[in-house]
Amino acid sequence: MTTAQSQSVSVTSVDEPAFKQGAVRTFMALLLAHAMVDCLGGMWPVFKKMAGLDLRWAGLISTVAATTTMAMQPMFGIWADSGGKRRHYILLGLLLTSTGMLLGPIGMHQESFGVVGAYVIMFALLFTTRLGQAMFHPPAAGLAGDAIAHKRSLLVSLFIGVGMMGFASSQTIFSYVYTNYAGNTHWILAIAFPLMIWVWYWCKPLEQKAVKQSNGVHFREALTVLRQHLLPLYGLLVFAAGQNMAMYFLLPELLESKGYPQWFVNGGGFAFAVGGSVLLMVPAGYLADRLGRKLLLVVTLLIAIVLYYTMILIPTLPLPSFAILLLFTGGLMGTVNPMGVALGQEILPGKASLASGILMGLAWSLGSQTLWISGAIADYTSPATALLILGVLNFGGLALCMFIRKPVSSSNA
């Protein structure tokens with residue numbers, strides 16, 4: 001084979017075990033974009049506390065916005081896979097997500113809009129933010145996983161891990177600007193917009209003709225595959241998403257009830273919980289590629305259950321000790337998602353964005369019901385009691401691990 005021929009193969013083959021031409025630059029742009037999307041979209045738990053919102057209404061608003069928009073992820077995945085325009089969905093999703101930074105002025109001046117009016121505006125802004133996230137994640141995760149197919153778990157974990165770094169910083173950045181600049185959180189966009197231009201310039205994936213011409217994701221066929229191979233995995237990620245959402249939603253109130261300082265309550269504790277995911281996701285992805293995803297999922301959930309209940313039930317620990325506990329609890333719970341998404345991409349070869357949309361979007365959509373459930377329980381009891389009750393979801397996810405099977409035709413990732 002000549003040099004020219006080998007270069008041609010590297011450009012056209014989706015599963016070539018080396019980065020395709022321009023893929024490194026695109027992958028780096030995806031990492032930056034994912035960090036921005038999760039940073040700009042992660043403000044709601046701390047915002048609802050700082051703005052003094054009712055927990056039941058804040059949970060209901062968040063549930064409706066997340067359920068509706070996250071359920072649209074498979075649709076965005078199908079369009080991205082069949083249309084060959086994943087870049088457009090990525091960039092538009094990033095832009096829509098940035099509207100969450102307009103929440104600050106609304107929260108600071110709620111009386112100017114009236115109670116109903118303020119809640120309606122906040123819902124509209126949160127809905128647009130969640131819509132942007134739903135539009136972004138399937139094509140972005142699909143492109144990240146396709147860069148080197150036989151290292152899919154590692155790349156997806158790296159992609160999600162960098163996004164989680166942005167997620168970890170979101171509440172700290174938002175609460176700092178909200179507190180120190182009279183709620184003018186929209187000033188954060190002065191930094192975000194130049195970075196978006198950089199993403200637009202660098203994110204230029206090589207779309208495959210076969211993907212563009214193939215409208216070949218037949219939804220009935222996809223549903224058949226889901227019923228046969230993805231239901232236990234989907235159920236596991238629903239439980240994992242619901243557990244994580246409830247924990248993050250009530251974490252500020254839980255930390256405050258334990259008497260920790262305000263910097264830790266208003267974003268610091270959240271950064272430790274999400275930061276644990278950042279630290280553990282990539283090593284977990286590497287081990288999953290080598291040792292098997294199912295085995296690692298079981299071990300991860302077992303340890304996470306022990307640490308989760310320890311974190312809630314223990315009365316008070318010194319701040320450094322509790323921060324370390326929170327780091328490992330959040331880290332172990334956060335590794336479940338990337339391993340599950342990578343396994344789903346393997347089960348649906350050639351339809352990575354669709355698999356990502358189902359296992360991220362639909363799972364998050366159904367899992368988001370825990371937001372209003374946890375808010376309602378916490379309103380009548382306490383944040384700790386609500387989280388103790390919802391801890392049963394971890395046990396449900398552990399049981400579903402026993403039913404996950406890889407399809408006979410799938411190759412090892």
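A salt bridge is a side-chain nitrogen of Lys or Arg within 4 Å of a carboxyl oxygen of Asp or Glu. The exercises below apply this criterion and others to a predicted model.

**Exercise 1.** Determine which parts of the chain are tied together by the salt bridge between E256 and K49, and state how accessible each partner is.

*Solution.* Step 1: the side chains of E256 and K49 have an N to O distance of 3.6 Å, and the limit for a salt bridge is 4 Å. The pair therefore qualifies as a salt bridge.
Step 2: E256 belongs to helix α13 (residues 219-257) and K49 to helix α3 (residues 44-50), so the contact ties together parts that are 207 residues apart in sequence.
Step 3: K49 has a relative accessible area of 19%. Buried means under 20%, so K49 is buried. E256, at 41%, counts as partly exposed.

**Exercise 2.** Identify the residues that are linked with R56 in a network of salt bridges, and locate the partners.

*Solution.* Step 1: R56 and D54 meet through their side chains in a salt bridge of 3.6 Å, N to O.
Step 2: R56 also forms a salt bridge with D379, where the closest N and O atoms are 2.7 Å apart. Because R56 lies in helix α4 (residues 55-70) and D379 in helix α19 (residues 369-380), this pair ties together parts that are 323 residues apart in sequence.
Step 3: D54, R56 and D379 are thus linked in a network of salt bridges. A search of the whole structure finds four salt bridges.
Step 4: regarding accessibility, R56 is partly exposed at 40%, D54 is partly exposed at 25%, and D379 is partly exposed at 32%.

**Exercise 3.** Establish how the buried residues of helix α21 are arranged about its axis.

*Solution.* Step 1: in helix α21 (residues 392-401), the buried residues are L393, N394, G397, L398 and C401.
Step 2: viewed down the axis of α21, these buried residues fall within an arc of 145°, so they line one face of the helix.

**Exercise 4.** Describe the nonpolar surface patch that includes L291, and name the element that gives the most to this patch.

*Solution.* Step 1: Y286, L287, L291, L295, V299, L302 and I303 make a nonpolar surface patch of about 630 Å².
Step 2: α14 (262-291) and α15 (293-313) are the elements that give two or more residues to the patch. The most comes from α15, with four residues.
Step 3: L291 is placed in helix α14. Its relative accessible area is 55%; exposed means over 50%, so L291 is exposed.

Definitions and conventions
Residues are numbered from 1 along each chain as its sequence is written. This is a predicted model: local features need pLDDT of at least 70, side-chain atom pairs count only at pLDDT 80 or more; totals for chains, interfaces and linings use all residues. Side-chain values use heavy atoms; hydrogens and water are left out. Buried means under 20% relative accessible area, exposed over 50%, partly exposed in between (1.4 Å probe, protein chains only). The arc is that of the directions from the helix axis to the C-beta atoms. Patches are made of residues with over 30% relative accessible area and no salt bridge: like charges are joined within 9 Å, nonpolar side chains (Val, Leu, Ile, Met, Phe, Trp, Tyr) within 5 Å. Accessible areas come from the Shrake-Rupley method with a 1.4 Å probe; for residues, only the protein chains shown count as cover.
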